[in-house]
Every structure is written in structure tokens, then in C-alpha cells.
Amino acid sequence: MPNADLVILGGGSGGYACALRAAELGMSVVLIDKDKLGGTCLHRGCIPTKALLHAAEVADSAKESDAFGVRATFEGIDMVKVNEYRDGVVGRLYKGLQGLVKSRNVTFVEGAGRLVGPKTVEVNGEQYTGENVVLATGSYARSLPGLEIGGRIMTSDQALNLDYVPKSVIVLGGGVIGVEFASVWKSFGADVTIVEALPHLVPNEDEAVSKALERAFRKRKIDFSLGVRFQSASQDDNGVTITLEDGTTKSAEILLVAVGRGPNTEGMGYEEQGVAMERGWVLVDERLRTNLPGVFAVGDITPGLQLAHRGFQHGIFVAEEIGGLNPAIIADVNIPRVTYCEPEVGSVGLTEAQARELHGNNVAVYEYNLGGNGKSQILATTGFIKLVQVVDGPVVGVHMVGARIGEQIGEAQLIVNWEAFPEDVATLVHAHPTQNEAMGEAHLALAGKPLHAHA
Ligand SMILES: Cc1cc2nc3c(=O)[nH]c(=O)nc-3n(C[C@H](O)[C@H](O)[C@H](O)COP(=O)(O)OP(=O)(O)OC[C@H]3O[C@@H](n4cnc5c(N)ncnc54)[C@H](O)[C@@H]3O)c2cc1C
């Protein structure tokens with residue numbers, strides 16, 4: 001006999017979103033987590049890192065105040081206080097989330113769960129069987145072979161708990177998490193070096209954006225080595241030294257390992273119960289069904305983008321699917337992505353290279369330079385919004401770089417997901433003076449009627 005309509009293993013973005021939506025749809029829900037409700041995003045990911053990035057922006061504003069005629073002095077970072085501010089933000093959201101889950105009558109069970117039957121999870125010696133089961137156990141910070149985490153060598157989990165600003169840092173990995181930490185530490189006064197094996201920082205982004213970020217980081221004196229692989233690392237009381245495959249060595253006070261995140265699926269009984277997996281990832285079809293009937297998987301344990309809002313969307317999707325609402329599928333490529341370093345990077349849809357692979361020469365691109373945007377001038381930021389369009393067709397990609405530009409992702413994702421033509425967007429009004437105007441201007445230009453831009 002099932003104990004509930006839905007049993008969810010993992011209470012992170014994917015799991016709790018599924019629980020909330022399923023409860024809204026009238027299902028009885030058991031939500032199991034061995035740690036705090038909210039998962040990586042709330043406690044060790046999105047929220048705490050963005051709080052640090054905001055503190056970094058405040059520090060930069062103080063340092064650069066003179067350029068705006070404001071007399072202020074930057075005296076330094078009180079990391080204990082920064083952490084208090086961050087923990088306050090996390091704490092308030094955590095409390096709110098606990099209240100939300102309770103108010104929807106979701107049964108939250110604290111403890112490490114294990115799949116002991118295709119639709120049964122065992123936790124604290126009790127078994128919970130669901131009509132349907134959702135696997136949502138998330139991801140963990142990976143390391144490289146021979147690179148042991150400990151002491152001065154850390155992942156984002158330990159880096160978030162530092163109560164001091166290191167004098168110098170090597171960041172291994174120039175992806176989203178790597179560049180965000182690099183950006184924070186640089187603003188806080190550390191010497192920062194990034195090592196990335198691929199040819200560019202944020203290598204999954206449109207190449208033009210990667211190159212612009214590299215220029216901006218160079219200007220900020222964030223050092224980086226691209227296209228070179230890590231070989232080994234050693235640490236002692238004075239610091240950590242890494243050797244790269246080209247023989248060069250680099251030393252710093254700490255080493256942040258930000259080389260990606262792996263699926264958190266080991267030892268949870270998935271394989272024993274016959275869940276189809278590949279290299280630890282739980283395989284799902286486009287409706288997030290595993291190979292076992294009535295067993296779904298959401299969020300970071302499924303191959304693809306590792307983003308909290310993808311987890312939310314997966315969770316909601318599965319609840320609605322079970323509820324018979326036949327929800328629409330959102331392809332990973334059309335999920336908005338923001339990297340919150342300074343300057344920010346935002347994108348949705350196909351990069352120019354991906355569009356050309358799909359559509360050959362039938363692709364038009366336009367880059368609107370933020371130099372022509374009033375608000376960006378006021379903020380003293382540079383950057384651009386790049387549009388990728390199928391000729392005479394919809395905009396299939398929006399790629400942006402610049403201070404605060406991530407906030408523009410909202411309209412960008414509507415444009416791409418609603419398959420808008422440049423002409424559709426060009427007729428809409430964008431408020432002045434905002435950075436959002438740059439979105440309008442880019443579409444005006446692509447529609448053949450540029451305003452504050454050269455044809
Ligand atoms: C430093 C950092 C910064 C990030 N910044 C952003 C960002 O700005 N924006 C963004 O969109 N994404 C960001 N992410 C990614 C985001 O945090 C993840 O994509 C998201 O948390 C995935 O949600 P999830 O539900 O799949 O997994 P998780 O949030 O990892 O949740 C999984 C849950 O399962 C629980 N669990 C695991 N095993 C068991 C078990 N056996 N029994 C019971 N419970 C178990 C865990 O305790 C955890 O609470 C960031 C990640 C990191 C690490």
C-alpha cells in the first residue's frame with residue numbers, strides 16, 4: 001500500500017519545487033532530505049554566492065567612488081560580517097521555504113534515504129512507498145584524479161565557509177562557478193589566477209561573450225591561463241603549488257577546484273532497483289521518466305544544464321505530468337543562463353556556432369554595443385547584446401555581457417521561447433534610460449531600422 005501519492009528523494013530546487021506543485025494539485029507528498037530543505041542552491045550555491053557577489057559589488061563601488069565624484073575610502077573586507085550578511089539572507093529564505101512546505105501539508109522527513117524497491121524509499125528504518133517516486137538527489141563538487149580536497153585545496157563548499165580573504169588564489173576551472181569566485185576574491189583584494197583546460201573562460205558561452213569576459217577580466221587584473229591542463233598539486237604550511245601539463249607552476253595561498261559537478265547517485269540503491277544510468281547520471285526521456293514506470297528524476301542528477309531554475313522547472317513539470325496536465329517541454333538550450341561575475345554574462349538559446357551548425361549560412365547576427373546605451377554609460381560599463389537570428393525567421397539566441405546585464409535575461413528568454421521575430425520586438429517600447437533599451441535597440445537594428453546605432 002502506498003503511503004503517499006508522491007515520494008520525493010532530495011529536497012533541493014528540483015525536489016521541493018515538485019513537492020510544492022504536487023501538493024497544490026492535491027497530491028499527498030513525502031519529501032525526504034538528509035540535510036537542510038533547499039539543497040545546494042539555497043545553502044551552498046546560488047544564494048550564498050550571489051550574496052558574496054553583491055558584497056563584492058559594494059566593495060568595487062567604494063573603490064571606484066571617486067570616478068563618480070563621491071568621496072569614500074575602501075578600508076577592507078570584514079569577512080566575518082560578510083558571512084553574517086550572507087547567512088542572514090540564506091536564513092530568511094530557509095525559514096520562508098520551511099513555512100511554505102509546511103503550509104502545503106507536505107510531509108518532510110529528515111534523513112538519508114535509499115531506494116529499496118522501485119517505488120519505495122527507506123529512511124531512518126521506515127519505508128515510504130509512493131504511487132510515483134521522484135529522484136532528486138542533486139550533485140556534488142567534483143575533483144580531478146590525484147587532486148585530493150583538503151587543507152588549502154578546496155571546492156566551493158569549503159570556499160564559502162572561509163572567514164578570511166586569501167591573499168592569493170588559484171581557481172582551477174573557468175566555468176560559471178570558477179569565474180564567479182574569481183570575481184568575488186578579486187573585488188575583495190586577492191590576487192587571482194584562473195586555469196582553464198579549454199580555450200576560453202565560460203567555454204559554453206558564445207565565443208564573442210567569452211572573449212569579452214576575458215578582456216574585462218584582464219582589465220581587472222584577473223590572471224588566467226587557457227587551453228592548458230592541470231597535472232599535479234602539492235601543499236604545505238605556506239601555500240599550494242600546482243604544475244600544469246606544459247610544465248609551468250603556479251603558487252597561491254589556496255586552490256579552488258571548480259572543475260564541474262557530478263551526479264549524487266552513488267550508494268542510493270538506484271542501480272540495484274534497475275534505474276538506467278550512465279556514468280552516475282540518471283537517464284530520463286524528454287518527459288523526465290526513468291526506465292522504471294512511475295519513477296521520475298529531476299534536476300542535477302539528470303544529464304544537462306546544472307541550474308536551480310532548471311530544477312524548479314523539472315520539479316513542476318513532473319508534478320503536472322503526474323497530475324495529467326500534459327505540461328510543455330522546455331529544451332535545455334532555451335533555459336536562461338546567467339553568470340554573476342563582474343561583468344555579468346547572460347544567455348539563452350543557440351550560440352552563433354550552434355545556429356550555424358543547424359542552419360548553415362541562413363543565420364544573421366547583430367551585436368549592439370552597450371557604448372550606445374545611456375544607462376550603461378551611467379554605470380560606466382561596457383559590453384554588448386548579441387542576437388542570433390535565423391534569416392527572415394525568429395531570434396534563436398541572445399548573448400549578453402556587461403555589468404548587471406543578467407537582469408535582461410527575462411525579456412531575452414521570452415523572445416527566444418516565444419520564437420519572436422526581430423520585427424515583433426522592434427514594435428515594443430523599452431523604457432528609457434535602462435539597459436533594457438539595448439535589447440530593444442538590438443532588435444530594431446536587426447529589423448532594419450536602427451535608432452541609436454549605425455546600420
Ligand atoms: C557554488 C554554486 C553556485 C551556484 N549558483 C547558481 C546560480 O547562481 N544559479 C543557478 O541557477 N544555479 C546555481 N547553482 C546550481 C544549483 O545549485 C543546482 O543546479 C541546484 O541546486 C540543483 O538542484 P537539485 O534539486 O537537482 O539538487 P540539490 O540542490 O543538490 O539538492 C539535492 C538534495 O538531495 C539531498 N540528498 C542527496 N542524497 C540524499 C539521500 N540519500 N537522502 C536524502 N537526501 C539526499 C541533498 O541533501 C540535497 O538537499 C550553483 C551551484 C553551486 C555549487
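Begin with the ligand: in this predicted model, 37 residues surround the ligand, and the closest of them are Gly 10, Gly 12, Gly 39, Gly 138 and Gly 299. Select these five glycines first, together with the ligand.

**Around the ligand**

Next, colour the shell by residue class. Polar residues number 20, nonpolar residues eleven and charged residues six. Then display the elements that contribute to the shell. Helix H1 (13-24), strand S2 (29-33), helix H2 (39-44), helix H3 (46-63) and helix H8 (308-322) each provide at least two of its residues. Which of these elements gives the largest share? Helix H2 does, with four residues.

**The whole chain**

Zoom out to show the entire protein chain in cartoon form. The secondary structure amounts to 13 helices and 24 strands. The radius of gyration of the chain is 23 Å, close to the 23 Å given by the globule rule for 455 residues, so the chain is as compact as a globular protein of that length. Turning the view along the principal axes, one finds that the C-alpha trace spans about 70 × 60 × 45 Å. Of the 455 residues, 45% count as buried. Among contacts between residues at least 6 apart in sequence, 65% join residues that are at least 24 apart.

**The largest nonpolar core**

Now select Val 171, Leu 172, Leu 255 and Leu 256. These residues have the most contacts inside the largest nonpolar core, which contains 77 residues. Add helix H6 (residues 176-188) to the selection: eight residues of this core come from H6, the largest share.

Centre the view on Val 171. Which residues does Val 171 contact, once its neighbours within four places in sequence are set aside? They are Gly 178, Phe 181, Ala 182, Val 192, Ile 194, Leu 256 and Ala 258. Apart from this core lies another, made up of 49 residues, including Cys 18, Val 121, Val 298 and Val 318. Select those four residues to locate the second core.

**A hairpin**

For the last stop, select strand S4 (residues 113-117) and strand S5 (residues 120-123). Do the two strands run parallel or antiparallel? S4 and S5 are antiparallel, and four bridges join them. Between S4 and S5, a hairpin makes the connection through two residues. To examine one of the pairings, display Gly 113 and Val 123: Val 123, in S5, is the bridge partner of Gly 113.

Notes
Residues are numbered from 1 along each chain as its sequence is written. This is a predicted model: local features need pLDDT of at least 70, side-chain atom pairs count only at pLDDT 80 or more; totals for chains, interfaces and linings use all residues. Two strands pair if DSSP finds at least two bridges between them. The radius of gyration is taken over C-alpha atoms; the globule rule is 2.2 Å times the number of residues to the power 0.38. A residue is buried if 20 or more other C-beta atoms lie within 10 Å of its own, exposed if 12 or fewer, and partly exposed in between; C-beta atoms are placed from the backbone. Two residues are in contact if their C-beta atoms, placed from the backbone, lie within 7 Å. A nonpolar core is a set of buried Ala, Val, Leu, Ile, Met, Phe, Trp, Tyr and Cys residues joined through C-beta atoms within 7 Å. A residue is near a molecule or strand if its C-beta atom, placed from the backbone, lies within 6 Å of it. Ala, Val, Leu, Ile, Met, Phe, Trp, Tyr, Cys and Pro count as nonpolar, Asp, Glu, Lys and Arg as charged, and the others, Gly among them, as polar.
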